[in-house]
Amino acid sequence: MPKPTPGPRHDRRPGGGPPGRNKRPPQRPEKPAPDRTTPDIGQDGLPQVSLVRRGVERWQAGHPWIYRADLNGDPALQGGEVVRVVDTRGWFLGKAFYSKHSKISLRWLSYEDVPVDTDFFRQRLAQADAMRRRALPGENTYRLVHGEADLLPGLVVDRYGDCLSVQFLVAGTEQRKQLLIDLLVELFKPRAIVNRSDVGVRALEGLPQEKGVLYGTLPGPVPYDEGLVRVRADLLEGQKTGSFLDQRENHVMASQYAFGEALDCFSYVGGFALQLATRAQKVTAVEISEQAAAQLRENAAANKLPNVDVVVANAFDFLRDAVDEGQRFDTIVLDPPSFAKNKDAIEGALRGYKEINLRAMQLLRPGGYLISASCTYHIDEQGFEDMLASAAADAKRRVQIIEKRGAGKDHPVLLNLRETRYLKCFVLRVL
């Protein structure tokens, strides 16, 4: 009897089987980004920028920056505009400054569909000042606006009594410069407003560096108080906006730990050195700039602090030579400039920080205090602490952490924006 003929079998190889089975459906091709020659316009007449899903998630997570890669196509704008931000379906997400040249294309302004007009900026400025008045009662020198942390991206305003020092860092604030100046005059009645937009970050926005008096008459260096010390800030020629207001509270704190023979490296005009001198027997202040060193001497004389010895030298060289010579100190402050302007420089920056901290630990007598700071935001607090631990091990010293500090209360930190938590200041005791 003949065997039955077997029926058709499904091929088990990939792609086999009858039609409609065991085959993946064809994938939908990714929709290309639109090639726009004119920007989309929202219902309120503002340009409209849409985000891909990754950008939407970043926006909704609370980060105030959206990068160019997260835009849904090129919005064909000139830069500096306030734009409506939407998802690919056109649903409203908020409003932001648009930047054409920077990798950061959008800087958050509001989740609400409100006009970004004169009243908008007036309210933001008033809110920023109200926080300082509550946090720093009686003070008239402080950072009035801290950029994104005060919901005013690309704007920095420092107040020195009746004078203001301002930075316009992005196209959005640069294009509204006169509006912002008018509001600052209206709200604070300053004697002078100085433009200190002479910073390299403006190049990322396609903007030139600028410096000059924008309003009123600058009387020269402006005096202000830090604890028991009176210092002067040169708003037009000094570093940053004239001084280092982010360290003011740490300057005053340093006097609590100062005793015996003290050393202050990277002194600038004496923010730490003058405070140390109110309690230490002698302070050696090391500063590489002749101009800053001269101003430091003037500040010490004006405060009747003859125990400050100013040395014009490279701090790295001074520390190395001091170790070789067997010098010893009871209190040391290290407050260097940023060692890393980008992520590629982190490794070299950590080597630099470790070298100066290791030598400082070698120079301290048992029971001495080291106040060590870093303004490099590419190195976070844990990374800085790990570096200090490595330096202590190499120096063969046991070290206590007494305090971990940051910038003053007038430099608030915005959650979800680590760049606003840039300053680290450790108070250490070497055993």
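A salt bridge, as I use the term today, is a side-chain nitrogen of Lys or Arg within 4 Å of a carboxyl oxygen of Asp or Glu. The model you have in front of you is a predicted one. Let me start with the charged pairs, then go to one helix, and finish with the nonpolar cores and one serine.

The structure holds 35 salt bridges. I will pick out three pairs. Arg230 pairs with Asp225, and their closest N and O atoms are 2.7 Å apart. Arg230 is partly exposed, with a relative accessible area of 41%. Asp225 is also partly exposed, at 42%.

The second pair is Arg54 and Asp70, whose side chains meet at 2.6 Å, N to O. Arg54 sits in helix 1, residues 53-60, and Asp70 in the loop between strand 3 (65-67) and strand 4 (82-87), so this salt bridge ties together parts that are 16 residues apart in sequence. Are the two partners buried or exposed? Arg54 has 53% relative accessibility and counts as exposed. Asp70, at 5%, counts as buried.

The third pair is Asp246 with Lys240, where the closest N and O atoms are 3.3 Å apart. Asp246 is buried, at 4% relative accessibility, while Lys240 is partly exposed, at 34%. There is also a network: Asp44, Arg84, Lys95 and Asp113 are joined by salt bridges that share partners.

Now to helix 7. This helix runs over residues 290-302, 13 residues in total, and spans 18 Å from its first C-alpha to its last, close to the 18 Å expected. Which of its residues are buried? They are Ala292, Ala293, Gln295, Leu296, Asn299 and Ala300. Viewed down the axis of helix 7, these buried residues fall within an arc of 160°, so they line one face. The general background is that an α-helix has 3.6 residues a turn, so residues three or four places apart point the same way.

On the face turned away from the buried side, helix 7 carries the exposed residues Glu290, Gln291, Ala301 and Ala302. What covers the buried residues of helix 7? The cover includes strand 13 (229-233), helix 6 (273-277), strand 15 (282-287) and strand 16 (308-312).

The ends of helix 7 can be described too. At the N-terminal end, Ser289 acts as a cap, with a side-chain oxygen 3.4 Å from the backbone nitrogen of Gln291. After the helix comes Lys304, which has a positive phi, near 55°.

Next, the nonpolar cores. The largest has 36 residues, and those with the most contacts inside it are Tyr160, Leu235, Leu276, Val283, Val308 and Ile371. Helix 6 gives the most to this core, with four residues. Apart from it lies another core, of 31 residues, among them Leu263, Leu319, Ala349 and Ala360.

Take Ile371 from the largest core. Which residues does Ile371 contact, leaving aside neighbours within four places in sequence? They are Met253, Ala254, Phe272, Ile332, Val333, Leu334, Cys425, Phe426 and Val427.

Last, Ser374, which is found in strand 18, residues 364-374. Ser374 has 0% relative accessibility; since buried means under 20%, Ser374 counts as buried. Its side chain makes a polar contact with the side chain of Tyr353, at 3.0 Å. Not counting residues up to four places away in sequence, Ser374 touches Tyr353, Phe384, Tyr422, Leu423 and Lys424.

Technical notes
Residues numbered from 1 in each chain as written. Predicted model: local features only at pLDDT ≥ 70, side-chain atom pairs only at ≥ 80, totals over all residues. Heavy atoms only, no water. Helix = DSSP H or I, 4+ residues; strand = E, 2+ residues; numbered from the N terminus. Expected span 1.5 Å × (residues − 1). Buried < 20%, exposed > 50% of the residue type's maximum accessible area, 1.4 Å probe, protein only. Arc of directions from axis to C-beta. Contact = heavy atoms within 4.5 Å. Polar contact = N/O pair within 3.5 Å; in protein donor to acceptor, adjacent residues only side chain to side chain. Core = buried A, V, L, I, M, F, W, Y, C linked by side-chain atoms within 4.5 Å.
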